[in-house]
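User: Please take a close look at one part of this structure for me, beginning with a pair of its helices. I am in my first year, so explain each term as you go.

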Amino acid sequence: MRPDPPRSARRKETEQRMPSLAPLAETAETVLAPTDKGVPAAAAGLTVREFLATRPRLSQFWTPLLALDAAALEGNAAAIQGWCSDRGLELMPHGKTTMAPALWRLQLEAGATGLTLATPGQVRAARAFGVRSIMLANALVAPDALAWVAAEHADPGFEFWSWADSVATVEAMERGLADAPVPSPRPIAVLVELGGAGGRTGARGLDEALAVARRIADSPLLRLAGTAGYEGSLGHDRSAAAVAAVREYLSGMLALHARIHALADPADGPLVVTAGGSAYLDLVADVFAPAIAADAGIAAGAGTTRWVLRSGASLIHDDGFYRGISPIDGDLAAAMRGYARVVSHPEPGLALLDGGKRDFPYDEGLPVPLGVAERVGGDLRPLPAASVTALNDQHAYLRSATDAALPVAVGDVVALGLSHPCTAFDKWRWIPVVERAGSDVVVDLVRTWF
């Protein structure tokens with residue numbers, strides 16, 4: 001493991017990557033409106049700061065509702081950051097999971113060295129909030145977006161990487177940069193993306209990836225900066241076949257990294273090797289471990305590579321997909337919960353709730369009933385043998401698995417465990433945050449920017 005830098009150096013690095021507080025302060029002065037989904041009627045006309053000063057309770061919010069847990073968020077941020085640091089990995093969490101600058105800041109303060117994002121628009125949003133180190137985990141080929149990135153490079157403190165998986169991608173980048181109204185004062189850093197058969201994007205095989213690397217190295221407008229990949233598209237469970245496919249793929253990334261070393265200019269500084277969603281991060285750490293250890297001993301700890309993990313869902317975790325597959329589930333807590341009200345009870349074994357696809361994620365598993373209460377955030381009574389079997393746009397079907405009647409009444413509120421935070425946050429503009437599990441005291445409103 002690479003030795004820790006002196007405390008003064010760590011403080012300086014943290015200050016350099018921290019976004020400005022000003023835009024978040026401006027968000028606190030945003031006036032809440034009747035059009036804000038889920039927000040209490042009494043909040044309309046108040047700024048976020050004024051509303052929070054009233055010490056609102058979760059029971060004041062309208063259903064359907066998504067709520068966050070501040071203690072779980074802080075615990076998860078510390079857990080994933082510590083896990084990475086212990087293994088010699090940097091963390092640049094995927095910001096597209098939440099598109100919530102307040103939560104980005106939480107992880108940057110915990111030690112993340114930057115953010116990963118998925119689209120040029122998301123990158124622009126992060127820059128608007130002052131984020132200085134950004135990886136675009138995608139190809140950047142749109143001319144207008146390339147021109148914008150070129151102009152942003154006038155800021156010497158801005159670190160940026162994009163990915164390329166073909167020579168055609170490189171050529172499209174060159175065309176866009178050549179036509180940019182303001183030339184970039186320095187080459188754009190590009191990582192070669194390695195793919196896998198049946199996977200998502202990425203060069204198919206070492207030879208194809210090396211051809212992309214050579215083309216980047218020859219470009220006057222681009223800089224060959226390392227290797228990127230996403231192993232999550234090669235498996236969806238912990239079966240032996242999925243684990244073997246992920247390990248083989250990660251080994252291929254190391255082979256590509258070794259070959260890229262000879263093509264890159266050492267004067268440009270350390271290369272980047274980046275992988276890791278929130279499902280197979282243990283395999284990334286295990287496969288990369290020998291290379292990380294060898295690199296840590298080079299030049300008295302200077303190293304030649306930055307080993308970057310991009311796990312984004314670990315901050316939120318869930319009660320579904322990631323709970324079932326994350327190797328660090330025991331260190332994380334689900335930090336999001338849904339609430340929906342019983343609006344119809346037409347049959348003893350069926351109740352309809354007022355939350356549906358427009359409110360809760362459903363692509364990686366349906367919501368799980370955790371209990372029922374008389375109000376949002378109230379003490380839960382158990383719902384034995386009950387499950388959500390389907391979602392419509394604005395309804396959830398709560399059914400009994402037995403002949404027994406559901407122990408709910410019209411007007412009751414069902415607390416829901418959710419799966420896949422990546423498709424939960426995009427449905428909400430403002431999300432209340434309670435201080436901890438078991439409390440209904442709202443301590444913050446998190447704003448999303450989708």
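Analyst: Happy to! The axes of α8 and helix α9 (residues 206-217) cross at roughly 20° and come within 9 Å. An axis here is a line fitted to C-alpha atoms, over the stretch in contact for a helix, and angles run from 0 to 180 degrees between N-to-C directions. That crossing angle makes α8 roughly parallel to α9 (under 35 degrees counts as roughly parallel, over 145 as roughly antiparallel, 65 to 115 as roughly perpendicular and the rest as oblique). On the α8 side, the contact is made by Val167, Val170, Glu171 and Glu174, and on the α9 side by Ala211, Val212, Arg215 and Ile216. Contact means heavy atoms within 4.5 Å. The helices (H or I, at least four residues) and strands (E, at least two) are DSSP runs, numbered from the N terminus.

Before going further, note that this is a predicted model, in which local features need pLDDT of at least 70 and side-chain atom pairs count only at pLDDT 80 or more, while totals for chains, interfaces and linings use all residues. Residues are numbered from 1 along each chain as its sequence is written, and side-chain values use heavy atoms, with hydrogens and water left out.

Now move to helix α7. Residues 143-152 form α7, and Ala145, Leu146, Ala147, Val149 and Ala150 in this helix are buried (buried means under 20% relative accessible area, exposed over 50%, partly exposed in between, with a 1.4 Å probe and protein chains only). What lies over these buried residues of α7? The cover includes α6 (120-128) and α8 (167-178), together with the strands β5 (159-164) and β6 (188-193). So α8, the helix we began with, is among the elements covering α7.

Take α6 next. The axes of α6 and α7 come within 11 Å and cross at roughly 30°. These two helices are therefore roughly parallel to each other. From α6, the residues making the contact are Pro120, Val123, Arg124 and Arg127; from α7 they are Ala145, Trp148 and Glu152. Ala145 is worth a second look, as Ala145 is also on the list of buried residues in α7.

The strands that help to cover α7 lead us into a sheet. It is an open sheet of eight strands, with parallel pairing and the order β2-β9-β8-β7-β6-β5-β4-β3. At the edges stand β2 (90-91) and β3 (115-117), each with a single partner strand, so one side of each has no neighbour in the sheet. Two strands pair if DSSP finds at least two bridges between them. For β2, the bridges go to strand β9 (residues 305-309): there are two, and the two strands run parallel. If you want to find this on the model, look for leucine 91, whose bridge partner in β9 is leucine 309.

Further inside the order, β5 sits beside β6. Four bridges join β5 to β6, and these strands run parallel as well. Here tryptophan 163 stands opposite leucine 191 of β6.

Why can β6 be called largely enclosed by the rest of the structure? Six of its six residues are buried, so the label follows from that count. In a regular strand the side chains alternate between the two faces of the sheet. You can follow this in β6: Ile188, Val190 and Val192 point one way, Ala189, Leu191 and Glu193 point the other way, and all are buried. Glu193 is therefore among the buried residues, along with its companions in β6.

Beyond the last residue of β9, there is a backbone detail to visit. Histidine 317 is found in the loop between β9 and α12 (321-325). The phi of histidine 317 is positive, about 55°, although this residue is not a glycine. Histidine 317 is buried, with a relative accessible area of 1%.

A useful companion is arginine 55, in the loop between α3 and β1. Arginine 55 also has a positive phi, near 50°, in a residue other than glycine. Arginine 55 is exposed, however, with a relative accessible area of 55%. The loop between α3 (48-53) and β1 (65-69) also holds proline 64. The peptide bond leading from threonine 63 to proline 64 is cis, with omega near 0°.
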